[in-house]
Amino acid sequence: MSEGRTPKGLFIETYGCQMNVYDSERMRDVLAPLGYAPVDKPDDADLVVLNTCHIREKATEKVYSEIGRLRAHKERRAGEGKGMTIAIAGCVAQAEGEEIIRRAPEVDLVVGPQAYHKLPELIARAARKTGERLAADFTAQERFDALPARAADGVTAFLSIQEGCDKFCTFCVVPYTRGAEYSRPLADVMTEARSLAEQGVREITLLGQNVNAYHGDASFADLVRALARIDGLERLRYMTSHPVEMTDDLIGLHGDEPKLMPFLHLPVQSGSDRILKAMNRKHDGAFFRDIIARLRRVRPDIALSTDFIVGFPGEREQDFEDTMQLVRDIGFASAYSFKYSPRPGTPAAAMMGHVDEAVQNERLQRLQKLLFEQQRAFNESQVGAVLPVLVSGNGRRPGQKYGRSPYLQAVHFDDTQARDGDIVPVRILAGTQNALAGARVVLTPEVA
Ligand code: SAH
Ligand code: SF4
Ligand code: F3S
């Protein structure tokens with residue numbers, strides 16, 4: 001059989017969070033030995049994978065419209081005597097697998113996040129047209145072990161160390177789509193990290209739905225310490241964290257470990273204790289403020305990012321004002337904010353006190369205005385500073401390079417010498433809401 005030799009086109013479209021970005025990379029790794037190589041557009045693809053997100057209603061609806069669009073590509077290819085396998089992966093596959101199969105006959109395969117290592121087998125089965133089109137099984141924790149060695153491209157990489165969530169915030173589908181918390185063994189994480197470093201990766205972002213809930217055979221803080229000792233790895237980040245898992249040890253590490261970057265994404269969702277309780281967040285506003293105060297004590301320059309939901313059932317004007325006050329008091333370098341979206345099967349979807357859409361919109365606008373102002377102010381506050389920038393590509397204009405500051409800001413700077421993977425000093429000359437501009441500082445020999 002010539003299988004595995006003829007190159008076949010693979011097109012993966014990724015929605016949702018970084019876990020999905022990581023998973024899409026891993027799917028590419030799993031499919032490469034079968035001869036699948038990435039192509040730029042679905043028309044050239046023998047296999048299209050939609051890696052989907054279920055977090056809000058809009059995200060889920062997108063999947064069905066995208067499937068509709070793929071149908072046209074599939075028909076066009078069929079007219080040319082070429083096949084196209086359509087696979088739906090990710091959290092919508094997990095949550096609504098049966099419904100997708102029912103609603104979308106052009107879909108050949110539905111595969112949940114725990115079954116990606118079985119993709120080759122599932123694709124072969126789909127090709128044999130057995131009529132069996134669903135594979136959303138949910139149990140396999142063998143999936144990490146079953147995935148092949150990791151291929152790195154670039155100087156930054158995601159590394160998934162933890163999956164799933166046991167927190168059950170009342171608005172959230174993740175505990176249902178990603179299952180119970182599972183932590184990978186320390187040795188496996190170390191092996192993957194060393195391999196990434198050997199392939200030129202300088203910065204790793206540790207991933208998990210509740211990454212700091214990591215409870216493998218080491219604590220999360222010990223895992224970070226072990227990773228920091230890997231030669232060649234210069235920067236470590238992690239996301240997403242839950243406030244109740246910010247241990248003293250981890251907070252302290254932000255002061256002690258220079259490779260741990262001074263940026264933390266720590267979702268708070270609301271500033272109102274009433275709403276936090278209804279959300280089952282397991283902490284109040286004072287607890288969150290205290291964590292931030294302690295982080296700033298050990299690492300005064302730490303940049304903070306968070307998530308908010310506005311218009312959660314029962315949110316009154318005063319609750320929303322408590323959120324605004326929390327934002328004013330803390331000051332965020334960046335943040336995501338969303339209108340509450342009721343999700344089928346979650347406790348909040350059955351709660352009383354629906355907030356009118358117009359009120360939701362108006363609150364979201366007020367919140368985002370404040371958050372954008374803070375983001376711009378944070379970026380502008382860097383003007384004049386010299387920041388170490390990890391170079392990862394070319395900048396906007398010719399003669400420019402691109403990279404990230406320690407605070408995760410995008411930096412475009414004048415320089416032609418730096419290579420990807422270098423960490424170079426850049427003087428910041430301008431800051432906008434979304435990026436910084438600057439020029440590389442050339443050190444004189446006496447200073448260097
Ligand atoms: N595990 C992470 C990420 C969860 S999803 C965490 O605990 O923060 C990312 C963000 O989506 C959440 O922080 C929340 O702000 C938002 N989100 C989740 N469910 C939502 C819903 N039903 N409606 C609106 N926003 C939601
Ligand atoms: Fe969802 Fe809450 Fe778990 Fe985050 S901690 S994934 S918001 S249930
Ligand atoms: Fe979306 Fe699933 Fe991530 S629901 S946010 S892709 S865990």
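**Notes on the ligand shells and cores**

1. Starting with ligand 1: 15 residues surround it, and Phe171, Gln209, Gln269, Asp307 and Ser341 come nearest (a residue counts if one of its heavy atoms lies within 4 Å). Bear in mind that this is a predicted model, where local features need pLDDT of at least 70, side-chain atom pairs count only at pLDDT 80 or more, and totals for chains, interfaces and linings use all residues. Residues are numbered from 1 along each chain as its sequence is written, chains are lettered from A and ligands numbered from 1 in the order in which they are written, and side-chain values use heavy atoms, with hydrogens and water left out.

2. Polar contacts (N or O pairs within 3.5 Å) to ligand 1 are worth a look. A nitrogen atom of the ligand sits 2.8 Å from a polar backbone atom of Ser341, and a nitrogen atom of the ligand is 3.0 Å from a backbone N or O of Phe171. Arg56 brings a polar side-chain atom to 3.1 Å from a ligand oxygen. The protein covers 89% of the 540 Å² of accessible area (Shrake-Rupley, 1.4 Å probe) that ligand 1 has on its own.

3. Ligand 3 has Cys17, Asn20, Thr52, Cys53, His54, Ile55, Cys91, Arg178 and Gln209 around it.

4. On to packing: the largest nonpolar core (buried nonpolar residues, under 20% relative accessible area, joined through side-chain atoms within 4.5 Å) has 51 residues, with Leu206 and Phe220 making the most contacts inside it. Helix α8 (220–228; a DSSP H or I run of at least four residues) gives this core its largest share, seven residues. A second, separate core has 21 residues, among them Ile86 and Val107.

Key. A polar contact is a pair of N or O atoms within 3.5 Å; within protein, one must be able to donate a hydrogen and the other to accept it, and residues adjacent in sequence count only if both atoms are side-chain atoms. Buried means under 20% relative accessible area, exposed over 50%, partly exposed in between (1.4 Å probe, protein chains only). Helices (H or I, at least four residues) and strands (E, at least two) are DSSP runs, numbered from the N terminus.
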